[in-house]
Amino acid sequence: MPSIDWEIIGKFAIFSLALWVLISVWMGLFKPVYGARGKGGQKRGKKKRIQKPKQGDQSKKLSHAELEATVRRMFPEPPQTTERSRAREAVVTLVKHSARGLFDLLPEESCVSILKRIAGAGSDCPRCGGNQTEKSKDAHYRQYYRRRRCPDCQTQGQTATFYELTGTIFENSHLSARQWLWGIFLFVSGCSTLEIATELHVNLKTAQRMVTLLHLTLITCRYRFSLNGQVEFDEVYLIGGLKGRAGKLHLDRPPRKRGLRLPGRGIWETDKVPILGLVDRQGYIYLVPCANVQSDTIRPLIEYLTDQGATIYTDEYNIYNFLRRLGYQHHTVNHSQGEYARGPVHVNTVEGLWSLLRDHLRIHRGVSKLYLPLYVMRFEFLTNRRALTRWQQMLELSALAAQADGTRLRWLVREKQIHTVCPTLGLGQVV
Ligand SMILES: [Zn+2]
């Protein structure tokens, strides 16, 4: 029997083992142990570990029965009809038919009394100012109002009779005082014209007329208030075309398409209307739509509205370079170099307004550039009175409406001449 050479077998075994280890490493069998280069070529051992979802995690797959139970909890079956629920439904139906809206619950007499007191009605003639007036023969021609007669106006061949609301935008309106007050309340709440029409249960055209008169009131009763102290200027560009009849303007080009976006700064002609914002850091703002924002266009406005001693902050846009020559303290922040504030030098107050203004205009789903000043004016009015409640804003606007030249404003609406009083700085008479 030949003897077994254990030495050779041992060497052969060690060699085979070494060869197997080498091949295994080469083939990558020890990947999990040693790590390997991933697809991205990251270093060994640095492969990102994917965390397994923990027990009870939200990503746990729910069974059909569990999902069904969740859906049932989300939408429970309606409760059984009882005596009490039937009575409740009857009350809702009754109230729904007796009052068309919340405003019907306001007593008309109180609303008339508010309007009369706001209009400051007295016995003097609102047309000639004469105090020799007398009671009209049909003084009670309208409930809650009293008609008087002015002999002076009668001798001059003018309308002789007047009542408490004569000369205001409320004169001879078929709407009740309640509808006016509620309409103004919705107007200052930022409702669209369609919403106001629905709430007041009036025709859309009636609501449009009311909203236009209120807008015109804001335009004609915007008085000068000097900006002083720390003032910020900035401009924004709003897209607005010529919609519908475009205020009798002749359109010699196709109407603006939706989503039109031209690059760069806009001007009135390219349907991207610049709005200049002047903000007093004490909180008072002016928003002025301009035909363009060249220095020559905005200079008279700034000179008129800003006190000489004011400190003005703007961005680096060179249209404001004339400010220093006019004697204002002028500081700029350089947005193009990523500088947005340098101590008190910033325009963040005015820039914060732009997103609010865009939100305010969004409910109208696109406005004509011709009437853009009206909508901007509403935003300006509300922003300047942001500390007040809606009720107080409503009363302030009612007071302005009673103070405005109602006869002229009603004529403007009747003759469709509204665009002639929509002020866009730098634009001549639009017609
Ligand atoms: Zn008179």
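## The largest nonpolar core

In this predicted model, the largest nonpolar core has 69 residues. Leu115, Ile184, Leu214 and Leu276 are the ones that touch the most other members. Helix α7, residues 177–188, chips in nine residues, the most given to this core. Domain 1 (100–121 + 168–221 + 390–422) and domain 3 (225–370) each supply residues too, so the core sits between those two domains. As background, nonpolar side chains in soluble globular proteins tend to be buried together.

Want a way into the contacts? Take Ile184: leaving out residues up to four places away in sequence, Ile184 touches Leu214, Met394, Leu397 and Ser398.

## One face of α8

Which residues of helix α8 (193–200) are buried? They are Thr193, Ile196, Ala197 and Leu200. Look down the axis of α8 and these buried residues fall within an arc of 100°, so they line one face of the helix. That fits a general rule: an α-helix has 3.6 residues a turn, so residues three or four places apart point the same way.

As for partners, the buried residues of α8 pack against α7 and α9 (204–220). After α8 comes His201, with a positive phi near 55°.

## Trp391 on α14

Trp391 belongs to helix α14, residues 390–403. Is Trp391 buried or exposed? Exposed: Trp391 has 11 other C-beta atoms within 10 Å, and a residue counts as exposed at 12 or fewer.

There's another tryptophan to look at here. Trp391 and Trp182 are 209 residues apart along the chain, with their C-alpha atoms separated by 9.9 Å.

Note on methods: Residues are numbered from 1 along each chain as its sequence is written. This is a predicted model: local features need pLDDT of at least 70, side-chain atom pairs count only at pLDDT 80 or more; totals for chains, interfaces and linings use all residues. A nonpolar core is a set of buried Ala, Val, Leu, Ile, Met, Phe, Trp, Tyr and Cys residues joined through C-beta atoms within 7 Å. A residue is buried if 20 or more other C-beta atoms lie within 10 Å of its own, exposed if 12 or fewer, and partly exposed in between; C-beta atoms are placed from the backbone. Helices (H or I, at least four residues) and strands (E, at least two) are DSSP runs, numbered from the N terminus. Domain bounds come from an automatic or database domain assignment. Two residues are in contact if their C-beta atoms, placed from the backbone, lie within 7 Å. The arc is that of the directions from the helix axis to the C-beta atoms.
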